[in-house]
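Student: I would like to go through this model with you. Could we begin with the terms and then turn to the fold?

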Amino acid sequence: MAAADAARRGYGLLKLKVAGAGDLARIEAVRHNAPTARLIIDANEGWSADDLAGFTPRLAGLGVALIEQPLKAESDEALLGFKC
């Protein structure tokens, strides 16, 4: 509902804080309600490397522009060579 309201108000960029069960469903709902907004996802170090690998293709399909801080800081090496 908030995304639909933001879209009606003309916000062109939405930053979504996620990190828990149901992240993809929530992101899909926001995309559905704000189809033209640029989306930035902030996972607040809440995903595993497997989550990131599994979510990335779907997020790309939803037009997510950026994924911020998906992994714990001590897991940054998992990002080396990562391709979506």
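Tutor: Let us fix one term at the outset: contact means heavy atoms within 4.5 Å. This is a predicted model, in which local features need pLDDT of at least 70 and side-chain atom pairs count only at pLDDT 80 or more, while totals for chains, interfaces and linings use all residues. Residues are numbered from 1 along each chain as its sequence is written, and side-chain values use heavy atoms, with hydrogens and water left out.

Student: Which residues is L16 in contact with, sequence neighbours aside?

Tutor: Leaving aside neighbours within four places in sequence, L16 is in contact with I27, V30, L39, I40, I41 and D42.

Student: And which residues touch the most other members of the largest nonpolar core?

Tutor: L16 is one of them, together with L14, V18, I27, I41, W47 and V64, in a core of 17 residues. A nonpolar core here is a set of buried Ala, Val, Leu, Ile, Met, Phe, Trp, Tyr and Cys residues joined through side-chain atoms within 4.5 Å. Buried means under 20% relative accessible area, exposed over 50%, and partly exposed in between, with a 1.4 Å probe and protein chains only.

Student: Which elements give two or more residues to that core?

Tutor: They are strand 1 (13–17), helix 2 (23–33), strand 2 (38–42) and helix 3 (49–61). Helix 3 gives the most, with 3 residues. Helices (H or I, at least four residues) and strands (E, at least two) are DSSP runs, numbered from the N terminus.

Student: What pattern does the whole protein follow along the sequence?

Tutor: The pattern is α-β-α-β-α-β, with 3 helices and 3 strands. The radius of gyration is 13 Å, close to the 12 Å that the globule rule gives for 84 residues, so the protein is as compact as a globular protein of that length. That radius is taken over C-alpha atoms, and the rule is 2.2 Å times the number of residues to the power 0.38.

Student: How much of the protein is buried?

Tutor: Buried residues make up 31% of the 84 residues. Among contacts between residues at least 6 apart in sequence, 70% join residues at least 24 apart.

Student: Changing topic, which residues other than glycine have a positive phi?

Tutor: Among them are E45, with phi near 60°, and Q69, at about 50°. E45 lies in the loop between strand 2 and helix 3, whereas Q69 is found in the segment after strand 3 (64–68).

Student: Why do they count as partly exposed?

Tutor: E45 counts as partly exposed because its relative accessibility is 25%. Q69 does so because its value is 37%.
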